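Open your viewer and set up a cartoon view with side chains ready to switch on. We will go from one selection to the next, with a short look at each.

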Amino acid sequence: MRTLKTNTMKTLMTNSFAAIIFVLASASVKAETKSTRLATADNSVNLYIETITKGNVENMDALFGSQFIQNTNANGKVTTHSKEQILSFIKGQKNVKQNCNASYALMEQSDDYAVAKVEMKYREFTKIDYVTLSKEGADWKINQVGTTYK
């Protein structure tokens, strides 16, 4: 009888310990706020890629700076879109996954400014976004995107 109680207590303690570890790990993951997602230029570019290619619209409002614009050069014509226009378009693309392979390189970076080249390779063409970021407080925000196609 004593062995049964001891084994039951050990199992109960082990399960309780595992549950506490699980809860702490979950809380740690949930503690990642939009600010930690935007803490580096790399993080912000990765979030941009997730937003554009996977329809991940979570935290996108914080990703773009207040003066954000996008210039698209297609067929010899440049079209400019405001932050509000881009956010509206992206919200309509929620969970839409693009059939492309995306990669990026930080072309230039200082303490508070960065430029990244994002390539999204589709079967028939490649979309290239030149992403300009600046540090606003603790966050890296996207101020401008220049889009070209090849």
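Start by selecting L47, which sits in helix 3. Keep in mind as you look that this is a predicted model. With 0% relative accessibility, L47 counts as buried; the cut-off for that label is under 20%. Now show what surrounds L47: beyond its neighbours within four places in sequence, L47 is in contact with R37, L38, N56, E58, N59 and L63. Pick E58 from that set and draw a distance to L47: the two C-alpha atoms are 9.3 Å apart, with their positions 11 residues apart in sequence.

**The loop after helix 3**

Next, select G55, in the loop between helix 3 and helix 4. Is G55 buried or exposed? Its relative accessibility is 1%, so G55 counts as buried. Add Q93 to the selection: it is 38 residues away from G55 along the chain, yet the C-alpha atoms are separated by 5.5 Å. Apart from neighbours within four places in sequence, the contacts of G55 are E50, Q93, K94, N95 and V96.

**Two asparagines with positive phi**

One of those contacts, N95, deserves a click of its own. N95 lies in the loop that links helix 5 to strand 3 (101–109). Its phi is positive, about 65 degrees, although N95 is not a glycine. At 53% relative accessibility, N95 counts as exposed.

Then jump to N75, in the loop between strand 1 and strand 2. Here too phi is positive in a residue other than glycine, with a value near 55 degrees. N75 counts as exposed, at 83% relative accessibility.

**Around helix 5**

Select helix 5 (83–91) and colour K83, I86, L87 and I90, which are buried. Why do they share one side of helix 5? They cover an arc of only 100 degrees around the axis, which puts them on the same side. Show what lies over these residues: the cover includes helix 3, helix 4 (60–63), strand 1 and strand 2 (77–82). Now turn to the face of helix 5 directed away from the buried side, where you will find the exposed residues E84, S88 and F89.

**The largest pocket**

Keep F89 and I86 displayed, and add I52, Q70 and K127: these five lie nearest the centre of the largest pocket. The whole lining has 15 residues, and the pocket holds about 320 Å³ of space. To trace the walls, highlight helix 3 (41–54), strand 1 (64–74), helix 5 (83–91) and strand 6 (139–149), the elements that give two or more residues to the lining. Colouring the lining by residue class gives 7 nonpolar, 7 polar and 1 charged.

**Zooming out**

Finally, clear the selections and bring back the whole protein chain. How many helices and strands does it have? There are 5 helices and 6 strands, and from the N terminus on they run α-α-α-α-β-β-α-β-β-β-β. Colour by accessibility and you can see that 33% of the 150 residues count as buried. The accessible surface comes to about 9,800 Å², and carbon and sulfur atoms hold 54% of it. If you plot a contact map, take the contacts with a separation of 6 or more: residues 24 or more positions apart account for 46% of them.

Conventions. Residues numbered from 1 in each chain as written. Predicted model: local features only at pLDDT ≥ 70, side-chain atom pairs only at ≥ 80, totals over all residues. Heavy atoms only, no water. 1 Å grid on protein atoms, 1.4 Å probe; cavity = no way out; pocket = protein on both sides within 12 Å on 5 of 7 lines; lining within 4 Å. Points joined across faces, edges and corners; volume = space filled by probe spheres on them. Helix = DSSP H or I, 4+ residues; strand = E, 2+ residues; numbered from the N terminus. Nonpolar A, V, L, I, M, F, W, Y, C, P; charged D, E, K, R; others polar. Buried < 20%, exposed > 50% of the residue type's maximum accessible area, 1.4 Å probe, protein only. Contact = heavy atoms within 4.5 Å. Areas by Shrake-Rupley, 256 points an atom, 1.4 Å probe, with all protein chains shown as cover. Arc of directions from axis to C-beta.
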